[in-house]
Amino acid sequence: MKRTLAFIVFLILASPLHYLQAQETINTGEQQREEEPEQETTTQPVPEGEYVVKRTLGLGLFGGYSLDIHHASEVKIPDVPSCCPGYEGGSGGGFVGGLNVELPLTPDLELLGRLTYHSSAVDMTTSEPITVRVEDQPVQTTIDHELSTTTTFIGIEPAVAFRVVGDLSLVGGFRIASLTGMTYSQRSVLDPSIPYDFDGGSGVRNESAGDVETTSSINFGVIIG
């Protein structure tokens, strides 16, 4: 029993010594090579016990919340009755996520590619000023035209990343996506503070919702990050 314990202790103590000797031998070899005359550079095998790690490909998943801003001139839904003079744009948000691929080209340059799914919900409102008579007095008020849209895209985003320092990189590329669906809901609301309604006795008219059929199927953009 005592011999067995002694042998185990010997192995535990001897292993670090062996490791230190190996490191010392490698260091000594490096000093000797420095003193030797310069010779033609050749590929040297990696010494046993040393490893060189090089990243060749990166795969990952990503997801987040997107802040979307729409700007356009006189937006209207085709073939949908509306008395709105035109929507100018709006803002909203949604989900964006997908698959990310990174391919290192050099230590400071990477080729990036993403397959993305993007859903976006944006609200737009236009206030149309009108004048009505209340108790023989002209009153300035508004009709609020409201339009909400929901769109979904599937796209690809090729880009390049240039490493500035550490893990900080500058990214530039472009985005090509296909519109997979778009829905809308709209209505016109009369100011409830005045004693008037639209025809039919309601303060809301032209209320409708459904799918948008006539839309551009391709979405193109630029990526900077």
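Modeller: On a 1 Å grid over the protein atoms alone, a cavity is a set of points where a 1.4 Å probe fits but cannot get out, and its lining residues have an atom within 4 Å of a point. This is a predicted model, so local features need pLDDT of at least 70, side-chain atom pairs need 80 or more, and totals for chains, interfaces and linings use all residues. Residues are numbered from 1 along each chain, and side-chain values use heavy atoms, without hydrogens or water.

Colleague: Which residues line the largest cavity?

Modeller: Ser 82 and Gln 186 are among them. Lys 76 is there too, along with Val 75, Ile 77, Val 80, Cys 84 and Tyr 87.

Colleague: How far is the sulfur of Cys 84 from the closest cysteine sulfur?

Modeller: A disulfide needs two cysteine sulfurs within 2.5 Å, and the whole structure has zero. The closest sulfur to that of Cys 84 is in Cys 83, too far for a bond, at 7.3 Å.

Colleague: Is Cys 84 buried or exposed?

Modeller: Buried means under 20% relative accessible area, exposed over 50%, partly exposed in between (1.4 Å probe, protein chains only). Cys 83, at 26%, is partly exposed. Cys 84 has just 2%, so Cys 84 is buried.

Colleague: How many residues apart in sequence are the parts that Arg 175 and Glu 157 tie together?

Modeller: These two side chains form a salt bridge (Lys or Arg side-chain nitrogen within 4 Å of an Asp or Glu carboxyl oxygen), at 3.4 Å. Arg 175 sits in strand β5 and Glu 157 in strand β4, so the parts they tie together are apart by 18 residues. Strands are DSSP runs (E, at least two residues), numbered from the N terminus. So the answer is 18.

Key: 1 Å grid on protein atoms, 1.4 Å probe; cavity = no way out; pocket = protein on both sides within 12 Å on 5 of 7 lines; lining within 4 Å. Helix = DSSP H or I, 4+ residues; strand = E, 2+ residues; numbered from the N terminus.
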